[in-house]
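Let's take a guided walk through this structure together. Keep the viewer open so that you can turn to each site as we reach it.

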Amino acid sequence: MKPLESIYSRLPVWLQDAAVTAQGAIYARQRFGDAFREEHALLKSTEMAPPLQLELLQTARLKRMLSHAAANVPFYRSVINPKIPSKLRAGDWSALLDLPITEKLNLRRDPFQFCVGGARQKGWIPWNTSGTTGTPITLFYEASAVSRQYAYVERYREQAGVSRFDRRAQFTGKMIVPGDRSSRYWRYDFANRALMLSSVHLNSDTIPRYLDALRRFQPRYLSGYPSAIALLARHALRSPEQSLRIKAILTSAETLLDEQRDAMEAAFGAKVYDQYGQTEMQSFWFECRYRRMHAHPLFGVTEILRPNGQPCRAGEAGDVVLTGLINRAMPLVRYRVGDRAAWTDEDRCPCGRSMPMIQQIDGRKEDYLYSAERGWVGRMDPALKGVQGLLECQFIQEQPDRLRVLFVPLPSFGRDDKERLEANLHERLGSSIALDFEAMETIPRGANGKFRAVVSKLPAHLQLVTGLREVA
Ligand SMILES: [Zn+2]
């Protein structure tokens, strides 16, 4: 434990509220400065701009970022031909395909190779990654990049009918509630009108207390991990007297499952707006009110690629490769994030935005199961269709011919439910896979409090891997 965390853990609860509020005030100062206002104004004025205008703006940002990386970032000095940026035109980015892909491994091996000047600079804001899929590393942001990022967050909130001035309840993976001693699993950030809820302490026993705290706080919107909010929703659905009326639910950081969305919308009478991004600050994808996922072109360049490096057609799933346009402290060019997605084949969204649209996010490659009959299978939420009486469920695969099914049953869980789940799983993975059901009281969260619906522990050759190409 770091010294500050150790001091925090020994404070009485009310002083922990004060500490969370003080930290919240620091965040607010970092987020809502001049760069925020400038970017926010730009986003507002270009939200409904025609495709060509957005493309021109995006191309200008991309050229600037590539030239900057080629000139100032050690890793890219020998990799990016300085002539390439000048070859890019709105509508013709073929020169981009000549640049190699940056793999996560490159970044992990030596993060400072990606920093401007090869070292941390004054005024940069550090961020430690959770290390869910590898060694934790420290990323650095320019102060103005953090501010600009929040302009996107704010526009995303505004189109959902809420804003930073509204009361918010947020599930966090941060250890704001140390140990198990406390029976209050939330802290108050008075600086941002936020109720911060710990996602790691959430289980069947504690859920009623969370709902109670929410009812007393009366947030205008909820935000955070979909798995956590969906847990509350499933409970609230069974006890309508505990229901909660809110304006919007903003989810992020995990793959949002259809069944989770349905439960949240039914329980809280509010629309769910999903958002996708990374701590590397490479992209900002957000859902509009028509449930289309837009990739904001001014935040980053999104490519979806086949294993041979060629762009995928609409509807064809491939590797997500991103070039961030916001953070100049640590530029990442054509960075393979490890997620899979597909473009939609729709021309235009009913919301009026001309920004490109993502049809589906398949989640991380580690989230795929394997069966001899069906090969790799992603998105396991259809397996839960029609199964009542389940609080939550996790699939762990350690052998190619077996699947562990961890589930938290509700009192109403019966034989029919188990049979239904079994039939759904066989339908999705084939009939020969053996299923081991394990009833649990709670399903442990991973690093950062995140819930993973699927965990593949298969040897590397049975995990879904697409043509990894490393920059030398
Ligand atoms: Zn839209």
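The paragraphs below go from the domains to the metal site, then to the salt bridges and two single residues.

Before we start, please keep in mind that this is a predicted model. The chain is divided into two parts: domain 1 covers residues 20–365, and domain 2 covers residues 368–462. If you take the centres over C-alpha atoms, domain 1 and domain 2 are 27 Å apart. How do the two domains meet? On the side of domain 1, 27 residues are in contact with 18 residues of domain 2. The size of an interface is often given as the accessible area lost when the parts come together. Here domain 1 and domain 2 bury about 2000 Å² between them, and 53% of that area is on carbon and sulfur atoms. How many salt bridges are there between domain 1 and domain 2? The count is zero, although a search of the whole structure finds 28 salt bridges.

Next, have a look at the zinc ion. Four residues coordinate the zinc ion: Cys288 through SG, His294 through NE2, Cys349 through SG and Cys351 through SG, at 2.1 to 2.3 Å. What geometry do these donors give? The angles among the four donor atoms run from 100 to 119 degrees, and the site of the zinc ion is tetrahedral. Four donors count as tetrahedral if all angles lie between 85 and 135 degrees, so this range fits the label. For comparison, the ideal angle for four tetrahedral donors is 109.5 degrees.

The spacing of the donor residues along the sequence is C-x5-H-x54-C-x1-C. Within that pattern, histidine 294 and cysteine 349 link distant parts of the chain, 55 residues apart. Histidine 294 sits in strand β10 (residues 293–295), while cysteine 349 belongs to the loop between β13 (335–343) and β14 (357–364). Are these two donors buried or exposed? Histidine 294 counts as buried because its relative accessibility is 0%, and cysteine 349 is buried as well, with a relative accessible area of 4%.

The loop between β13 and β14 also holds glutamate 346, whose side chain meets that of arginine 292 in a salt bridge (2.7 Å, N to O). Arginine 292 lies in the loop between β9 (284–287) and β10, and this pair too links distant parts of the chain, 54 residues apart. Arginine 292 counts as partly exposed at 23% relative accessibility, and glutamate 346 is likewise partly exposed at 33%.

Side chains of opposite charge can pair when their charged atoms come close. Another such pair is aspartate 166 with arginine 220, whose side chains meet in a salt bridge (3.5 Å, N to O). Aspartate 166 lies in the loop between α8 (143–159) and β3 (168–172) and arginine 220 in the loop between α9 (207–217) and β6 (221–224), so this salt bridge ties together parts that are 54 residues apart in sequence. Aspartate 166 counts as buried at 19% relative accessibility, just as the cut-off is under 20%; arginine 220 is partly exposed, with a relative accessible area of 35%.

Helix α9 itself offers a local pair. Aspartate 212 forms a salt bridge with arginine 215, with the closest N and O atoms 3.1 Å apart. Both residues lie in helix α9, three residues apart, about one turn of the helix. Aspartate 212 is partly exposed at 32% relative accessibility, and arginine 215 is partly exposed at 24%. Elsewhere, Glu38, Glu39, Arg61 and Arg148 are linked in a network of salt bridges.

To finish, try two single residues. Alanine 25 is found in helix α2 (residues 13–31) and counts as partly exposed at 30% relative accessibility. Leaving aside neighbours within four places in sequence, alanine 25 is in contact with Ala191 and Asn192. Leucine 425 lies in helix α12 (residues 415–429) and counts as buried, with 0% relative accessibility. Not counting residues up to four places away in sequence, leucine 425 touches Met380, Ala383, Phe395, Leu403, Val405, Gly430, Leu435 and Phe437.

Key
Residues are numbered from 1 along each chain as its sequence is written. This is a predicted model: local features need pLDDT of at least 70, side-chain atom pairs count only at pLDDT 80 or more; totals for chains, interfaces and linings use all residues. Side-chain values use heavy atoms; hydrogens and water are left out. Donors are N, O and S atoms within 2.8 Å of the metal (3.2 Å for Na, K and Ca); water is not among the atoms, so sites may look incomplete. Four donors count as tetrahedral if all angles lie between 85 and 135 degrees; four count as square planar and six as octahedral if opposite donors are over 155 degrees apart and all others between 65 and 115; anything else is irregular. Helices (H or I, at least four residues) and strands (E, at least two) are DSSP runs, numbered from the N terminus. Buried means under 20% relative accessible area, exposed over 50%, partly exposed in between (1.4 Å probe, protein chains only). Domain bounds come from an automatic or database domain assignment. Contact means heavy atoms within 4.5 Å. Buried area is the accessible area (1.4 Å probe) that two parts lose on being put together, summed over both. A salt bridge is a side-chain nitrogen of Lys or Arg within 4 Å of a carboxyl oxygen of Asp or Glu.
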